[in-house]
Structure formats: structure tokens, C-alpha cells
Amino acid sequence: MSEIFFYKLKNSSSEIFLTSLIEKSIENKWNSVVLLDNIERMEEINDFLWSYKDTSFLPHGSQNDKNPEFHRVYLTCEEENPNGSNVIFSIDGLFIKNINSWKRCIYIFNEQNLKVVDQFDTYKKNIDQTQHVLKSFEQDANGKWINSN
């Protein structure tokens, strides 16, 4: 049974929030895949993960690198799992096609993107909740996470 998380951001950037979740995945010794909608976006996230903090970075690889099986975090534009991940992140409104292939699917999106919000609301209604656990969260005005199931 897959867990499917939806995080609707109000006051945060998807990139910064993604890094916090990747850090938690690494702490739990989980490999992860980040699914992106195009090469340019993948390169943008690639650069961000190397430089988002002055004192550290998040080691990762991408579909442009050799030996993807050695990377704890793998960036890709294809829904693939070359590093034996349990977790997949989608931050660009992409739907994960094979949700049964993952233990945890995490969607991160901004509430200001009304098209994506509407698509995810419809998507959630069509997910078989006897087969998957759905968890939805959204930020309040102060940035605190509220369960919105």
C-alpha cells in the first residue's frame, strides 16, 4: 500500500521545502527520486541542491550522470527508479503514473497555481483509498502545516 502525500505551499518555495523532505529521507536512509517536467528544470534543481546552503549541499545525481544506482537522491524527467528508491517527489504538477511502484509518493505544489490545485483535487478523488493512504497538508498564513484531509 502506497502513501500519497500532497503538500500545498502558501509561504514557501517548492525548492526549499523539497530540500527539507530530501534531508528527512536521507536521515531515514531512504533513497529518493525527484521527478521534473523538463531538462532545464532538472538542471535548475540540480544547481539548487548543490548551493542552497552556504555551509552544506545535498549530494545527488541526475539522469545526466553515470552510475545512478550509487546516488541516494536522483533527479530525472522520466518516471524511473535506477537507485532503488522508496520515495518519489513531484514538484512541477506531474502525476506519478505508477504509484504502486513506490512506498511513498509526494506531491509539492503552490496554492497560487490554480490549474495544478484543481488537477490534484480531481486526482485525489479518483485514487482508490482502499489501496493507498492519502495525506494532504497545506500551510496556514504563518507557514504552519495543517492536515487538510
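1. K29. This residue is exposed, with a relative accessible area of 65%. K29 sits in the loop between α1 and β2 (32–35). The backbone deserves a look here, bearing in mind that the model is predicted. K29 has a positive phi of about 65°, and it is not a glycine. Most residues other than glycine have a negative phi. Check the loop with that in mind.

2. N67. A second loop residue belongs beside K29. The phi of N67 is near 55°, again a positive value in a residue other than glycine. N67 lies in the loop between β3 (61–62) and β4 (73–76). Its relative accessible area is 42%, so N67 counts as partly exposed.

3. Helix pair α1 and α2. Helix α1 spans residues 14–27 and helix α2 spans residues 39–51. The two pack at an angle of about 60°, and their axes are 11 Å apart. The pair is therefore oblique. The crossing is right-handed. On the α1 side, the contact is made by S14, E15, I16, L18, T19 and I22. On the α2 side, the residues are R41, E44, I45, F48 and L49. By class, the contact residues divide into six nonpolar, two polar and three charged.

4. M42. Where does M42 lie? M42 is in helix α2. With a relative accessible area of 0%, M42 is buried. Leaving out residues up to four places away in sequence, M42 touches L36, S62, Q63 and N64. Its contacts also include L75, T76 and C77. M42 and P68 are 26 residues apart in sequence, and their C-alpha atoms are 15 Å apart in space.

5. Cysteines. How many disulfides are there? The count is zero. C77, a contact of M42, is in no disulfide. The nearest cysteine sulfur to that of C77 belongs to C105, 18 Å away. The cut-off for a disulfide is 2.5 Å between sulfur atoms, so a pair 18 Å apart does not qualify. C105 is likewise in no disulfide, and its nearest cysteine sulfur is that of C77. Are these residues buried or exposed? C77 is buried, with a relative accessible area of 19%. C105 is buried too, at 0% relative accessibility. The value for C77 falls under the 20% limit, so C77 is classed as buried.

6. V87. This residue is found in strand β5 (residues 87–90). V87 is buried, with a relative accessible area of 1%. Which residues does V87 contact, leaving aside neighbours within four places in sequence? They are S25, W30, N31, S32, V33, W102, R104 and I106. S25 falls within the range of α1, residues 14–27. S32 and V33 fall within the range of β2 (32–35). V87 and L58 are 29 residues apart in sequence and 16 Å apart in space, C-alpha to C-alpha.

7. K124. This lysine lies in helix α3 (residues 114–125). Is K124 buried or exposed? K124 is buried, with a relative accessible area of 19%. The limit for buried is under 20%, so K124 meets it. Not counting residues up to four places away in sequence, K124 touches F6, L134 and S136.

8. Points to carry forward. Two residues to check for backbone phi are K29, at about 65°, and N67, near 55°. K29 is exposed, whereas N67 is partly exposed. For burial, look at M42 at 0%, V87 at 1% and K124 at 19%. For the cysteines, C77 and C105 are in no disulfide. For the helix pair, the α1 and α2 axes are 11 Å apart, and the crossing is right-handed.

Conventions: Residues are numbered from 1 along each chain as its sequence is written. This is a predicted model: local features need pLDDT of at least 70, side-chain atom pairs count only at pLDDT 80 or more; totals for chains, interfaces and linings use all residues. Side-chain values use heavy atoms; hydrogens and water are left out. Axes are lines fitted to C-alpha atoms, for helices over the stretch in contact, and angles run from 0 to 180 degrees between N-to-C directions. Helices (H or I, at least four residues) and strands (E, at least two) are DSSP runs, numbered from the N terminus. Angles under 35 degrees count as roughly parallel, over 145 as roughly antiparallel, 65 to 115 as roughly perpendicular and the rest as oblique. A crossing is left-handed if the near helix is turned anticlockwise from the far one by less than a right angle, and right-handed if clockwise. Contact means heavy atoms within 4.5 Å. Ala, Val, Leu, Ile, Met, Phe, Trp, Tyr, Cys and Pro count as nonpolar, Asp, Glu, Lys and Arg as charged, and the others, Gly among them, as polar. Buried means under 20% relative accessible area, exposed over 50%, partly exposed in between (1.4 Å probe, protein chains only).
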